[in-house]
Amino acid sequence: MTARVSYSDIIQHIRTTGEAEELKRIINRLELLLFQPNAPPLREILEREVHASWASLLLNLVSQGEASQPAKTQEILKELTQALNVRSIVTITLAFEPPDAFVTELFTWINTHLQKPCVLKLTYDGRILGGVIIEYEGRYLDLSLKTKL
């Protein structure tokens with residue numbers, strides 16, 4: 001039985017469902033490229049195909065797992081994909097697209113208060129005028145200005 005690799009270093013960087021989907025696309029692309037005839041080493045593929053921040057995290061994860069063979073690397077990438085799928089989703093509807101710093105602050109606040117790993121599904125609806133609508137595990141909380149006017 002193989003030792004379980006920790007994915008927390010990568011998972012903690014995933015704040016939104018969009019970021020999770022982006023990482024899943026990267027993983028799918030890596031899996032395709034790793035099994036091509038005469039495939040270059042993973043480091044070369046990452047440098048060529050993936051943004052530097054993701055490439056560094058993924059390379060560190062694979063290196064920790066001592067994955068020198070494509071099959072082992074594929075196993076690690078599959079486990080990472082599974083880890084991405086087990087987080088709860090909190091849907092946040094805002095009247096505007098927030099700056100990155102706001103998304104980080106919101107992500108940190110929600111994960112701290114819910115005390116379980118969550119990922120944000122951000123949606124935008126200018127009709128709510130301001131405030132926020134929160135949906136989580138079947139619960140709906142409308143704190144928008146639209147309901148106050």
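**View 1. Helices α2 and α3 cross with right-handed geometry.** The model is predicted, with local features requiring pLDDT of at least 70 and side-chain atom pairs pLDDT 80 or more, whereas totals for chains, interfaces and linings use all residues. Residues are numbered from 1 along each chain as its sequence is written, and side-chain values use heavy atoms, without hydrogens or water. A crossing is right-handed if the near helix is turned clockwise from the far one by less than a right angle. Helices are DSSP runs (H or I, at least four residues) numbered from the N terminus. The axes of α2 (residues 17-34) and α3 (residues 42-49) lie 11 Å apart at an angle of about 135°; axes are lines fitted to C-alpha atoms over the stretch in contact, and angles run from 0 to 180 degrees between N-to-C directions. The two helices are therefore oblique (neither under 35, over 145 nor 65 to 115 degrees).

**View 2. Contact residues of α2 and α3.** Arg29, Leu30, Leu33 and Leu34 of α2 meet Leu42, Ile45, Leu46 and Glu49 of α3 (heavy atoms within 4.5 Å).

**View 3. The aromatic pair Phe96 and Phe102.** The ring centres are 6.0 Å apart and the planes stand at 55°, so the pair is tilted (centres within 6.5 Å; planes neither under 30 degrees nor over 60). Phe96 is partly exposed at 40% relative accessibility, and Phe102 is partly exposed at 34% (buried is under 20%, exposed over 50%, partly exposed in between; 1.4 Å probe, protein chains only).

**View 4. Surroundings of Leu106 in helix α6 (residues 100-114).** Leu106 is buried, with a relative accessible area of 18%. Leaving aside residues up to four places away in sequence, Leu106 touches Ile92, Leu120 and Leu122.
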